[in-house]
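User: I should like to learn how to read the features of a structure that is new to me. Could we take them one at a time?

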Amino acid sequence: MLTWLMENMATIIVSAVLVIVVAVVIVSMVRGKRKGRSACGCGCAGCTMNGVCHPAKPETLQK
């Protein structure tokens, strides 16, 4: 078992680094979505999906 670990140490390290990078990217995307930022990084003015990403908020009733 120990020899297998030593033979595959580089693969294990690279895989662990890739898993960490993917996890950081996913966490960053989720946090950005919660804050209302778009995932594409550009402005929403010319985007055809503007109504889907940022739907219009309903008007509150004022007395």
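User: How many helices and strands does the protein chain have?

Analyst: In this predicted model, the protein chain contains three helices and zero strands. Followed along the sequence, the pattern reads α-α-α.

User: What share of the 63 residues in the protein chain is buried?

Analyst: A residue counts as buried when its relative accessible area is under 20%. Here, buried residues account for 2% of the 63 residues in the protein chain. The accessible surface of the chain amounts to about 6,100 Å², and carbon and sulfur atoms hold 69% of that surface.

User: Which residues make the nonpolar surface patch?

Analyst: A patch gathers residues with over 30% relative accessible area and no salt bridge. In this structure, a nonpolar patch of about 970 Å² is made by Leu2, Trp4, Met6, Met9, Ile12, Ile13, Val17, Val21, Val25 and Met29. Helices H1 and H2 each supply at least two of its residues, and H2 gives the largest share, with seven residues.

User: Where does Trp4 lie, and is Trp4 buried or partly exposed?

Analyst: The intermediate class runs between the cut-offs of 20% and 50% relative accessible area. Trp4 is placed in helix H1, and Trp4 counts as partly exposed because its relative accessibility is 47%.

User: What does the side chain of Asn8 reach?

Analyst: A polar contact is judged by the distance between N or O atoms, which must lie within 3.5 Å. The side chain of Asn8 reaches the backbone oxygen of Trp4 at 3.0 Å. Asn8 itself sits in the loop between helix H1 (2–7) and H2. With a relative accessible area of 22%, Asn8 is partly exposed.

User: Which residues form the positive surface patch?

Analyst: For charged patches, Lys and Arg count as positive. The positive surface patch here consists of Arg31, Arg34, Lys35 and Arg37. One of these residues, Arg31, belongs to helix H2, which spans residues 9–34.

User: Why is Arg31 classed as exposed?

Analyst: The exposed class requires over 50% relative accessible area. Arg31 is therefore exposed, since its relative accessible area is 55%.

Note on methods. Residues numbered from 1 in each chain as written. Predicted model: local features only at pLDDT ≥ 70, side-chain atom pairs only at ≥ 80, totals over all residues. Heavy atoms only, no water. Patch = residues over 30% accessible without salt bridge, like charges linked within 9 Å, V, L, I, M, F, W, Y side chains within 5 Å. Areas by Shrake-Rupley, 256 points an atom, 1.4 Å probe, with all protein chains shown as cover. Salt bridge = Lys/Arg side-chain N within 4 Å of Asp/Glu carboxyl O. Charge placed at Lys NZ, Arg CZ, Asp CG, Glu CD. Helix = DSSP H or I, 4+ residues; strand = E, 2+ residues; numbered from the N terminus. Buried < 20%, exposed > 50% of the residue type's maximum accessible area, 1.4 Å probe, protein only. Polar contact = N/O pair within 3.5 Å; in protein donor to acceptor, adjacent residues only side chain to side chain.
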